[in-house]
Amino acid sequence: MIEFVTLVVTYGSEDRVQNLVKTINSALKQGTQKVFVVSNGAQYDIAKVLSIFENNVDLIKYDFNVGSAGGFGGGIKEILKSKEVNDETYILVLDDDVKVDDGFSEKLELLESKFRWSPHIWSMLRRGRDSTFSANWDRSMESYKNSIAGFSLRNKFLLPKKQRKNIEVAEPTFITWAGVVAQKSVLKNVELPNEDFFVYEDDAQFSLNAQRKGIKIRKSENLTLSEIGESWFEDKKRNSGYSIFYKSASDEGLGRFLYMLRNNVYLIRNNGLLTSNLIYFTNLAIFVTFGFIRYGHGTFRSMKRLVLVMSAIHDGWSGHLGQNINWKL
C-alpha cells in the first residue's frame with residue numbers, strides 16, 4: 001500500500017478555516033500518515049484550530065506571508081529534512097481549498113505499477129477546472145517559447161503539440177503546486193524555486209527545474225482533486241484576469257495579475273524560452289495593446305493600470321523580483 005504525507009499551505013483570516021479543515025480531513029480520510037500545515041502569517045490562532053487533529057498534524061509557522069514560493073518551498077524543505085519521512089514515502093501537496101477524492105492511494109498505486117520505471121512527478125487533475133484531457137495531445141515546451149503569460153502569435157496559427165504515447169496519461173509542461181505527488185527521493189533532486197517569486201509562476205519554475213533533471217511530469221484522469229473555493233482570476237461569468245484587472249473598481253487583488261505578469265516575463269527570459277527578441281517583443285506588444293483596447297477603454301483609471309502593467313513587465317525583464325508592498329493581493 002502507498003504511504004504518503006501531505007503538505008497544506010494556508011494564510012489569511014478565519015474565513016479560510018472551514019475549507020482548511022475540509023482539506024486536512026480529506027487527506028486524513030485517504031490515509032495520509034501526517035499532514036504538515038504551513039501557516040503563511042495566518043491572522044488567527046491556527047495552532048488552536050489544528051489542535052483538533054491531535055498528533056496527526058505538524059504546524060510550520062511563519063509570522064508573515066512569505067508567498068507561495070516561500071510557503072510551498074519551505075514546507076517541502078521541512079519534509080525533506082524530516083526523519084519521520086523516508087525516501088520511499090510520497091509527498092502530496094495541497095492548497096487549503098481542495099479535497100482529495102476517494103480512492104487516492106489505490107489509484108496512485110495502480111498508476112505507479114505501470115510508470116515506476118522512470119523518475120516522475122504526478123500532477124492531480126483539478127475536476128471542473130482542468131481541461132487537460134479535452135484533447136489527446138499536450139502543449140510542447142516549444143509552444144511556450146517567446147510567449148507572454150501564455151500568449152504567442154505563433155500559437156494562434158500553429159500550436160506546437162506532442163502526441164500522447166498513452167492516451168490515459170498526459171505529460172504537461174507546467175503544473176500547479178496543488179496536486180503535486182512524488183516520492184521524497186524524487187523531490188530531493190529538484191531545485192526549489194527562488195522565494196523572490198513570492199506568488200505565481202514559482203510552480204512553473206519548479207516544473208522546469210524538475211524536467212531539467214530528467215524527471216517527467218504526468219497527469220491521469222483517475223487521480224483527482226475537487227475544488228472547494230474559487231480562483232482569483234475567475235468570477236461567476238468566467239472573466240479573464242485581464243478583464244478583472246482593468247474593470248475592477250477596487251485596487252484589491254490587482255497585485256495578483258501584476259505578480260503573474262512580472263514573474264512570467266522573468267521565467268521566459270531566464271529559462272531558455274526566449275529565443276528571439278523580435279518575436280518576443282512583438283508578442284508582448286500585441287498582448288499589452290490588445291488587453292488595453294479590449295478592457296481598458298481609455299479611462300483615467302485604466303491608464304494608471306496600464307502604467308502598472310508596464311512597470312511589472314520592466315521588473316520581470318530586469319530581474320527585480322520579491323514582494324511589492326504596493327501590489328495588493
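Ser105 counts as buried, because its relative accessibility is 5%, and the cut-off for buried is under 20%. This comes from a predicted model, so to speak a computed picture throughout. Ser105 sits in helix H4. Setting aside neighbours within four places in sequence, its contacts are Met1, Ile2, Phe4 and Gln30.

Let's step back to the sheet that H4 belongs with. It is open and has eight strands in the order S3-S2-S1-S4-S11-S6-S12-S10, with mixed pairing. Strand S3 (57–62) and strand S10 (169–170) form the edges, each pairing on one side only. Inside the order, strand S6 (residues 120–123) and strand S11 (residues 180–183) are antiparallel partners over two bridges, and Trp122 stands opposite Val181 in S11. Two helices that pack on this sheet are set out here.

| Helix | Strands touched | Direction angle |
|---|---|---|
| H1 (residues 17–29) | S1, S2, S3, S4 | about 175° with S1 |
| H4 (residues 104–115) | S1, S4, S6, S10, S11, S12 | about 145° with S6 |

Now for helix H10 (residues 277–296). Its 20 residues reach 27 Å from first C-alpha to last, close to the 28 Å expected at 1.5 Å a residue. Which residues of H10 are buried? They are Tyr280, Asn283, Leu284, Phe287, Val288, Gly291, Phe292, Tyr295 and Gly296. These residues lie on the same side of H10, because they cover an arc of only 150° around the axis. Their cover includes helix H5 (153–157), helix H8 (241–247), helix H9 (254–269) and helix H11 (300–318). On the other side of H10, Leu278 and Ile293 are exposed. Just after H10, His297 adopts a positive phi of about 55°.

Conventions. Residues are numbered from 1 along each chain as its sequence is written. This is a predicted model: local features need pLDDT of at least 70, side-chain atom pairs count only at pLDDT 80 or more; totals for chains, interfaces and linings use all residues. Side-chain values use heavy atoms; hydrogens and water are left out. Two strands pair if DSSP finds at least two bridges between them. Helices (H or I, at least four residues) and strands (E, at least two) are DSSP runs, numbered from the N terminus. Contact means heavy atoms within 4.5 Å. Axes are lines fitted to C-alpha atoms, for helices over the stretch in contact, and angles run from 0 to 180 degrees between N-to-C directions. Buried means under 20% relative accessible area, exposed over 50%, partly exposed in between (1.4 Å probe, protein chains only). The expected span of a helix is 1.5 Å times one less than its number of residues. The arc is that of the directions from the helix axis to the C-beta atoms.
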